[in-house]
Amino acid sequence: MWLKPEEVLLKNALKLWVTQKSSCYFILQRRRGHGEGSGRFTGRLVGALDAVLDSNARVAPFRILLQVPGSQVYSPIACGELLNGSEVYWAIAIGATLEEINQHWEWLEQNLLHTLSVFDNKEDIASFVKGKIKALIAEETSSKLAEQEEEPEKFREALVKFEARFNFPEAEKLITYYSCCCWKGRVPRQGWLYLSINHLCFYSFFLGKELKLIIPWVDVQKLERTCNVFMTDTIRITTQNKERDFSMFLNLDEVFKIMEQLADMTLRRLLDNEIFELDPDLQEPTQITKRDLEARAQNEFFRAFFRLPRKEKLHEVVDCSLWTPFSRCHTVGRMFASDSYVCFASKEDGCCNVVLPLREVVSIEKMEDTSLLPNPIIISIRSKMAFQFIELKDRESLVENLLRRLKLVHANSPVHYDTLKNEAETSSLFQSTSVCSDQKFGNFKLSQNGNTVDKETSLLPNSEALIAIFHQSGTQSPDSRMSREQIKASLWNDHFVEYGRTVCMFRTEKIRKLVAMGIPESLRGKLWLLFSDAVTDLASHPGYYGNLVEKSMGKCCLVTEEIERDLHRSLPEHPAFQNETGIAALRRVLTAYAHRNPKIGYCQSMNILTSVLLLYAKEEEAFWLLVAVCERMLPDYFNHRVIGAQVDQSVFEELIRDRLPELAEHMKDLSTLASISLSWFLTLFLSIMPLESAVNVVDCFFYDGIKAIFQLGLAVLEANAVELCGSKDDGQALMILSRFLDHVKNEESPGPPIGNHHAFFSDDQEPYPVTDIADLIRDSYEKFGDQSVEMIEHMRCKHRIRVFQGHEDTTKQNVLRVVIPEVSILPEDLEELYDLFKREHMISCYWEQTSPAFQHHDPNRPYAEQYLIDAQQFTNLYKLVSPWTCGAHTEILAERTFRLLDENMDNLIAFKGFAVCLDIMYNGEMNEKIKLLYRLHLPPALTENDKDSQSPLKNPLLSTSRPLVFGKSNGDAIDYQKQLKQMLKDLAKEKDKTEKELPKMSQREFIQFCKTLYSMFHEDPEENDLYQAIATVTTLLLQIGEVGQRSSSSGSCSDEYMDDVQTEACASTSEQDSVFTDMGKMPQRYSQSLSMTEGDWTVSLEHILASLLTEQSLVNFFEKPLDIKSKLENAKINQYSLKTNELSHQSE
């Protein structure tokens, strides 16, 4: 065990210890008298001394010491022996056995030995090691508390530190924490890693330096285990611009698994609406604990291994042994018990698996406990088979829970026993569990000729597989072909007798070999039902498909139009789909499924798969097979973004690198092969291989799941590796693979070869060598069949992160591509701005459980509309990045800006509008900035309920008593009248050419406009000059409005209008310099004029702009260059703190 580092004086004790191992920093020692083969006197003496001591005073026989070269003080970190010449050591660990102390030694070698060389100071080495050991002791203590389910005081202490150090709101739930090192260049920083529901955080205070890292899981682009020069095993976290390495974990495997799960869950919750709605665990992230994560991981493995519905929840996992009659012994493995299933998997992969739907179970009984059969139970099923499990821990509670769930399943889905037996031999192999396979719909009856069907019979499901209706015999050696089918059927019959014939059969390596040979056509559809467990869904939902058909047929929508377009493209070479019987069946199944699962609806490639299912299964059976494929066996394949298929393509690329390194070395960009192989996964090779060969692939898929497609894909690439390595471009690689797959034949198929209309190439001049599908499948199992479900699921989790982030990068690049031409902000700054915009959306998702932000993000929308922010989010961003900060007035201005940008009045704005507005503030010409400010003080930006929009008669008003005398800097007066009139005329002409005239501003709106200007000048270096200038301009504009008010009956602004303004200006003799003045202190004639009807007092944009142009200080203010980079940098630092402060104020 690790010890708190303490000094140990060894001046007179050098004879008590013997050095076993040593390095430049560490020494492992054994105490004399322990483990010695010879009976030396010293060893016997020490051993006798230790034996007579009280147990509390005895010394552990092994220890490890820390030595710092050149130092007189050493630190023992685990029990060991001191080096000659050393007087003091630091003790940090002890061991009762050699195995225990060796584990500590190996950890030190792997995690610390190479790291210490980066320190130049000896005191730093001792300090670093002591700090690391103390952290390990603290972590071990907290882990033991958690394991014992005691009150985790250490966890609460860590939670307090987490909240204090990172200032997150309470909604940021801490999951767990670990002691580790974060590498900064070549220097490790010892500290604590905190894993919460939304963030990975690291805190270190070492050698007087504090380090804080906050990495949102949603920013993680890659999570991997790697190594560097100093560490053999580290966790590397890659974000957009940085890589962070973490190492020296007590249990790195555990940490990495939790990191992967948290990153995967957060990305699915925040970036994938379709999965979010299907997974209830994702909707309550604040309820997640470390134990929940472990249970969730086990649950996902269970569903993937046995390919069970997503809703299945695992309750118990128990080590046990199952009696396997075919081997005459008990097979060691584990029992998995869920809501509706009891499953068994042998410890040896592939030796024996069993799936027992509780619907098929008749009884669960305890047997007498004996020495030969400890803690046994018997599970009996309907087909008169019994399964004996032994060595079950806590058998009483297990049986009680199983019986309770069994009762619930039978109550919810009563079993309909079918005692009828078919005369056909093949049919007798299965017990029918469907009560509606021959159900009639309304008054419709099936046409028996199989050639033409009346339109009124379009709702009638086929009562048999299409291949039975449109059966064709082969033209070559029909007798030999049928004899092969009979041999296969006989082998399967023998297998059923020994291993079982229902969904509850023993699934062993022998059945895998039979499947690889190709399932007989007479059994294919039935076995597909059993292997996928679609037979349970079929039996549990009598009448369901018929009701769906009645509800869905005849309705016209976008999905049905897509289905209609693809109906005649589905296996057009097969006679079954050259006929209305097959087409109508395909239409019914696809339309019914789209009605059942509108989230998927219809996706291209579903038509090809469904066509093949209809060939070998009855129509209702084909429907449930399609359900099994789309919702269980190929999860997330058939949604709008085909995320599941893209994830598996990324997994396939990694498998190519691992299993075919020479090919990967030649083809630097494996995405080419991935794009070619996408159809292999989406259609299970049905679209690129002759049908009679591809159905053998489907056989393997239904038995082994996606693993069969991965290994077959690798086998195809290996068979063509030499040619692919010699290919010059992507087109040639596509030609090589297409030609090979087109020549994969099935010589044992009982039917005639059916031409593949998907084939790209044919070479009549030089015959291409033919590959037998059975040989190809056998090679795939022999060479690449060692991939486990657990390995594939782990790889999927890792690559799902990359695929999601790839979609996010694509979205960002497309949005930036649209926005960049519209603005003058540099592309790199615009990218930073987009990240801030997106992060603001994410922060609301993190901590506001009722936040509508989840509804704002829809990955199926156009790129520019995928992320939208509401008014509060916009206000936060405005405070961070806008150059127009107005103190307390900033929030009001932000709200007005949001209302101006919200053109469709849905209380949401997209990134483009935000960026264009900000671009005007930073890079616009003066007239563009003034125009924006002008619009911010007109409806809809300015409203009657505006926080700062009160009656001007109740507040201080702008004074009009200031004399209008403009002058140059040298004091010489100028005549501005002609210049001002010319500006107005030029602006009016330009306005007429370009755009619609903006409405004039009322007095109330004008006062708000002036308030904004005054607020913007606060704390500016030229603040006094700006106040003087704006006072002058304001007085002029007020007088312009008053003159316009008096002359409103005579039309718009004229020369006489401007003369009146000049007259009023000259008549004013007051030298008052105040900017704001009370109504009572103003001259009486101005008080009267401002009290007139507000609608009569107006100024235009042209008036305001022309007036502002007369003051050089104002021109300089609006035309001075502004730096957006510094704003963006500060925003990245302060964005979190701004949000947490906002939430804390709301809670108060």
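## The seven-stranded sheet

In this predicted model, seven strands form an open sheet with antiparallel pairing, and their order across the sheet is E9-E8-E7-E6-E12-E11-E10. Its edges are strand E9 (209-216) and strand E10 (222-226), each of which pairs on one side only. From one strand to the next, the twist averages 30 degrees.

Within this sheet, strand E6 (residues 174-184) and strand E7 (residues 187-196) run antiparallel and are joined by ten bridges. One of the residues involved is Ser179, whose bridge partner in E7 is Trp192.

## A helix across the sheet

Helix H5 (residues 252-271) lies across E6, E7, strand E8 (199-206), E10 and strand E11 (234-238). Relative to the edge strand E10, helix H5 runs at about 165 degrees.

## Helix H25 and its surroundings

Helix H25 (residues 730-742) has 13 residues, which at 1.5 Å a residue should span 18 Å, and the end C-alpha atoms are 18 Å apart, so the expected and modelled spans agree. At the start of this helix, a side-chain oxygen of Asp729 comes to within 3.2 Å of the backbone nitrogen of Gly731.

Which residues of H25 are buried? They are Ala733, Ile736, Leu737, Ser738, Arg739, Phe740, Leu741 and Asp742. An α-helix has 3.6 residues a turn, so residues three or four places apart point the same way. The cover over the buried residues of H25 includes the helices H21 (671-683), H23 (706-719), H24 (721-725) and H26 (773-784), together with strand E20 (744-745) and strand E21 (771-772).

Terms used
Residues numbered from 1 in each chain as written. Predicted model: local features only at pLDDT ≥ 70, side-chain atom pairs only at ≥ 80, totals over all residues. Heavy atoms only, no water. Pairing = 2+ DSSP bridges. Helix = DSSP H or I, 4+ residues; strand = E, 2+ residues; numbered from the N terminus. Axes fitted to C-alpha atoms, helices over the stretch in contact; angles between N-to-C directions. Contact = heavy atoms within 4.5 Å. Expected span 1.5 Å × (residues − 1). Buried < 20%, exposed > 50% of the residue type's maximum accessible area, 1.4 Å probe, protein only. Polar contact = N/O pair within 3.5 Å; in protein donor to acceptor, adjacent residues only side chain to side chain.
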